[in-house]
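Here is a short report on one protein chain. Look over the sequence and the structure first.

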Amino acid sequence: ILSKFPKSEVLISIQMIQDDGGTLSLAMTAASVALIDAKIEIRDLVIGCTIRFYNGGRILVDPTAEEEHTKTSEGAGFHLAVMPSLSQVTALKQAGKIEQAQARECIEACWEGCLRIATAVKKLLEETLGEQPG
């Protein structure tokens, strides 16, 4: 896209009306869907997912805002964004301390969450726009 429009800039503004948790991941997914809806060529969808890891091993996918903002001393939080068709990570944000093996487990849980969300987003785009995204 940069070679087709070298002096262009795309600005996406997202206004969150309510924070039910996972706003960063939601914003990444929404921006990708907005580009597709605007018929702007992209390589793949970008899908975000948020998880919360609690000391003791519990992993919570798509936590509420309250769960997401639990003190980092009680665990860690992850935001992951991927391009699912290309199997590429586009963003990873971690808050809190966590052992490497547990971090890997959390990232895998986020990846699986992204793939489930991608399936739903693609289906919705096909139904509403009549086309296959990414």
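## A buried charge

Glu68 is buried (under 20% relative accessible area, 1.4 Å probe, protein chains only) yet forms no salt bridge. A salt bridge needs a side-chain nitrogen of Lys or Arg within 4 Å of a carboxyl oxygen of Asp or Glu. The nearest side chain of opposite charge is that of Lys93, 7.3 Å away.

This is a predicted model: local features need pLDDT of at least 70, side-chain atom pairs count only at pLDDT 80 or more, and totals for chains, interfaces and linings use all residues. Residues are numbered from 1 along each chain as its sequence is written, and side-chain values use heavy atoms, with hydrogens and water left out.

## Around Glu68

Glu68 sits in helix H2, residues 65-68. What lies 2.5 Å from a polar atom of the Glu68 side chain? The backbone nitrogen of Gly22 does.

Contact means heavy atoms within 4.5 Å. Neighbours within four places in sequence aside, Glu68 is in contact with Gly21, Gly22, Thr23, Thr50, Arg52, Pro63 and His79.

## The whole chain

The protein chain has three helices and four strands. These are DSSP runs: helices (H or I) of at least four residues, strands (E) of at least two, numbered from the N terminus. From the N terminus on, the order is α-β-β-α-β-β-α.

The C-alpha atoms fill a box of roughly 50 × 30 × 30 Å, taken along the principal axes. Of the 134 residues, 34% count as buried. Among contacts with a separation of 6 or more, 53% join residues 24 or more positions apart.

Methods
Buried < 20%, exposed > 50% of the residue type's maximum accessible area, 1.4 Å probe, protein only. Lys, Arg positive; Asp, Glu negative; His and termini not counted. Polar contact = N/O pair within 3.5 Å; in protein donor to acceptor, adjacent residues only side chain to side chain.
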